[in-house]
Amino acid sequence: MPTPALLLIRPAARIPADAALCRRAGWQPVPFPLIRIAAELAELPVQMRQAAAAVWVSPGAVETALPAFSGSLSHLTRPQIAVGGGTAQALWQAGCPHIVVPDGGHDSEAVLGLPVWRTLNRGANILIVRGAHGRNLLPESLRQRGFQVACADIYQRLPLEPDWAQFRAAQPAAAWITSAEQVRLLFAAAPANLTQALQSLLYFAHHPRIAQALSQAGAARIRLLGSAAELENALIAERQNLIQAT
């Protein structure tokens, strides 16, 4: 059978690693970024020096921040709290010596359940490193616990015009998408004559909020993964299903 194509609906910086994973699993990657990242880093070093602990919301936040620290976070000895295993890995690769990450879960709710909050003094300064217009659950909940919370909105997500000619040519069998925001951008930008094709794809998603957004957009085939780390095995299994169906 021909190699099935996987639409990678990811920020451009995340696509190379995902494309390599895709090829290992026997799929043809189709890069399909819907946003580009515009960094705003001028205030971050000062904010970080004032923080008793910092929360990093995504691998993209870590990668975007690195130029503000000459490419390394090895000097950050206070707790650096990761939202999810992918973010923890990005912090480790950046040299961060003190990483705290939930054992299960990869969202704000999991971070709020960490024991580290009981080790920090009431009134301590907490910095949340994120993109502009991020969720407010984490800062609001930490303020309710008595912490002083600042949000370092270090990047803007700017929409890109999707390459629909590439979509038509690739005829993807499935898609990998990692935010509800990108689900909304995808279906809002789609030409009317491609909406049904988008809705018929198999979507791999790693969080219930993304799956819910896909369902609301009319997608009927959604594979919810426990984490992004499960994608490779899920792709291998789905490719085997496609082979058996031919």
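Visitor: What covers the buried residues of helix 1?
Guide: The cover includes strand 1, strand 2 (28–31), strand 9 (174–177) and helix 11 (231–245). Contact means heavy atoms within 4.5 Å. Helices (H or I, at least four residues) and strands (E, at least two) are DSSP runs, numbered from the N terminus. This is a predicted model: local features need pLDDT of at least 70, side-chain atom pairs need pLDDT 80 or more, and totals for chains, interfaces and linings use all residues. Residues are numbered from 1 along each chain as its sequence is written, and side-chain values use heavy atoms, without hydrogens and water.

Visitor: Which residues of helix 1 are buried?
Guide: Ile 15, Asp 18, Ala 19, Leu 21 and Cys 22. Buried means under 20% relative accessible area, exposed over 50%, and partly exposed in between (1.4 Å probe, protein chains only).

Visitor: What puts them on the same side of helix 1?
Guide: They cover an arc of only 160° around the axis, so they lie on the same side. The arc is taken from the directions from the helix axis to the C-beta atoms. On the other side, Pro 16, Ala 17, Arg 23 and Arg 24 are exposed. Just after helix 1, Gly 26 has a positive phi of about 90°.

Visitor: Why is Arg 10 called buried?
Guide: Its relative accessibility is 11%, and the limit is under 20%, so Arg 10 counts as buried. Arg 10 is in the loop between strand 1 (5–9) and helix 1 (15–24). Leaving aside residues up to four places away in sequence, Arg 10 touches eight listed partners, including Phe 32, Trp 176 and Gln 182.

Visitor: What makes the pairs of Arg 10 with Asp 18 and Thr 178 polar contacts?
Guide: A polar contact is a pair of N or O atoms within 3.5 Å; within protein, one must be able to donate a hydrogen and the other to accept it, and residues adjacent in sequence count only if both atoms are side-chain atoms. The side chain of Arg 10 meets that of Asp 18 at 2.6 Å. With the side chain of Thr 178 the value is 2.8 Å. Both qualify.

Visitor: How do you know that strand 4 pairs with strand 7?
Guide: Pairing needs at least two bridges found by DSSP. Four bridges join strand 4 to strand 7 (residues 125–131), and the two run parallel. Ala 53 stands opposite Ile 126.

Visitor: What covers both faces of strand 4, or rather, which residues are buried there?
Guide: Ala 53 and Val 55 are buried on one side, Ala 54 and Trp 56 on the other. In a regular strand, side chains alternate between the two faces of the sheet.
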